[in-house]
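Okay, thanks for coming, everyone. I'll put the structure up and walk through a few local features, so have your viewer open.

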Amino acid sequence: MRVTEEDLEALSIGAAILGTGGGGDALIGKLMAQQAIREHGPVDLISLDEVEHQDVVFPVAMMGAPTVFLEKVPAGEEGYLAVRRMERHLGKSVTALCPIECGGMNSMIPFVVAAQMGLPVVDGDGMGRAFPELQMETFHILGVSGMPACIADEWGNVVLFETVDNFRLESFARACTVKMGGYSHLVDYPMTGEQVKNTAVRGTVTMGIQLGRAVQAAHRNHSNPVEAVLAATRDTIYGHGIALFRGKVVDISRRTSDGFAIGQARLQGFEEDADKTMVIDFQNENLIAKVDGQVVASVPDLITLLDPDTGHAVTNERLRYGQRVVAIGIPTPEMMRSEVALTVWGPKQFGYDIPFVPLEQAYPAFYQQVGVPKEKEKYLVQSSDASR
């Protein structure tokens, strides 16, 4: 598939949905990628099946607090500088790029650099969503080293990292990113094509485009864009999304700390959720959602706030008092729910002393009706919560 400026319009909508409130502002990323394609030409999006075993693949992304981007727009060359420095260090030329995460701005950064370098982008990533830390990757849990890694800022400063493990990479790169002003552009987990094939979540860039096109079609057809988003997830590796709560933002607390945007949003319900309250905690991305104190969704399943009129995602840095939103949940791809995966990005890793309960298990009546991917049928068990 050849990705054009028009495709990026759809991807920016869908990637914001997959970004679960974080991942960086997709609008800024879209403008950067569109400018790069306008100057250098379209970018080829290739499937994992098209990647050769001997290929050299670099994941590229933005690192830092998404709130910083509202005041500190990138120069546009940061990712390119980091990739070139990594090539010099390894003594190898990169043959393809891929997203670290398919959510928000970070779905776009590979297209910026790919256009500048005349390279393809691989249709897959390391999360199937967005997460705040560098070790929270399928690459990591499946044994790929994040090193060497490289970050660059808008002034041309470039720092190369060789750490003993991926957790220390997160710590050191985060500290350096804070010193760079709150964000940097990153290359890590340099891989062979064979490693990418064995560790990436498949088809996630295409998924973002598909979600965005569903929203665009709903606008043309004057149909409900939120329902369009939920329906577009049905026959995918994710599974059918579900509307969790309809409400208005009545309180938002947000701070930038240690390179993260950390906070909490409180929603007062309307329509069928009148007289109820939802609270969502976030660390860049939405982590856990509670209704009247009861957990209804948590990481690694996706929790996203949508504008009920447009179907567009409302990112946490743009969340404001008085906004009307629909909170939706989307089941995460099954590889994100393995036992080892949950030790890296389950609720306990973010400080919540609760087990991870898949959406299909929390809402069995709904999922028995709409169906689930075959690998998720094990979650369709009878539960006392079936009427939730």
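Let's start in a loop, the one between β13 (260–269) and β14 (277–283), because that's where E271 lies, and E271 is exposed, with a relative accessible area of 52%. Keep in mind that this is a predicted model. What's odd about E271 is the backbone: phi is positive, about 55°, although the residue is not a glycine. On the exposure, 52% makes the call since exposed means over 50%.

There's another non-glycine with a positive phi, and that's D292, at about 50°. You'll find D292 in the loop between β15 (285–291) and β16.

Staying with backbone geometry, let's do the cis peptides. Walk on to the loop between β16 (294–298) and β17 (302–306), and you reach P300. The bond from V299 into P300 is cis, with omega near 5°. Then there's P148, sitting in the loop between α5 (138–141) and β7 (149–152). The bond joining M147 and P148 is cis as well, and omega there is about -10°.

One more proline, P42, from the loop between α2 (26–40) and β2 (43–46). Buried or exposed, or partly exposed, for P42? Partly exposed: the relative accessibility is 42%. Leaving out residues up to four places away in sequence, P42 touches R2, V3 and I37. And if you want a long-range pair to click on, P42 and E154 are 112 residues apart in sequence, and their C-alphas are 24 Å apart in space.

Now, helix packing. Two packed helices are described by the angle between their axes and the distance between the axes. Take α2 again, this time against helix α4, residues 109–117: the axes are 8 Å apart and the angle is about 15°. That makes α2 roughly parallel to α4. The crossing of α2 and α4 is left-handed. Who's in contact? From α2 it's M32, A33, A36, I37 and H40, and they meet I109, F111, V112, A115 and Q116 in α4. By class, that contact has 8 nonpolar residues, 2 polar and no charged. You've already heard I37 mentioned, as one of the residues that P42 touches.

The other pair I'd like to show is α8, residues 204–221, with α9, residues 225–232. Their axes come within 8 Å and cross at roughly 150°. Anything over 145 degrees counts as roughly antiparallel, so that's what α8 and α9 are. This crossing is right-handed. On the α8 side we have M207, Q210, L211, A214, V215, A218 and H219, and they meet P225, A228, V229 and A232 in α9. The breakdown for the contact of α8 with α9 is 9 nonpolar, 2 polar and no charged.

Last topic, cysteines. How many disulfides does a search of the whole structure find? It's 0. C98, for one, is in no disulfide, and the nearest cysteine sulfur, on C102, is 11 Å away. C98 is also buried, at 1% relative accessible area. C150 is in no disulfide either; the nearest cysteine sulfur belongs to C176, 9.9 Å away. And C150 counts as buried too, with 0% relative accessibility. For scale, a disulfide here needs the two sulfurs within 2.5 Å.

That's my tour. Questions?

Technical notes: Residues are numbered from 1 along each chain as its sequence is written. This is a predicted model: local features need pLDDT of at least 70, side-chain atom pairs count only at pLDDT 80 or more; totals for chains, interfaces and linings use all residues. Side-chain values use heavy atoms; hydrogens and water are left out. Axes are lines fitted to C-alpha atoms, for helices over the stretch in contact, and angles run from 0 to 180 degrees between N-to-C directions. Helices (H or I, at least four residues) and strands (E, at least two) are DSSP runs, numbered from the N terminus. Angles under 35 degrees count as roughly parallel, over 145 as roughly antiparallel, 65 to 115 as roughly perpendicular and the rest as oblique. A crossing is left-handed if the near helix is turned anticlockwise from the far one by less than a right angle, and right-handed if clockwise. Contact means heavy atoms within 4.5 Å. Ala, Val, Leu, Ile, Met, Phe, Trp, Tyr, Cys and Pro count as nonpolar, Asp, Glu, Lys and Arg as charged, and the others, Gly among them, as polar. Buried means under 20% relative accessible area, exposed over 50%, partly exposed in between (1.4 Å probe, protein chains only).
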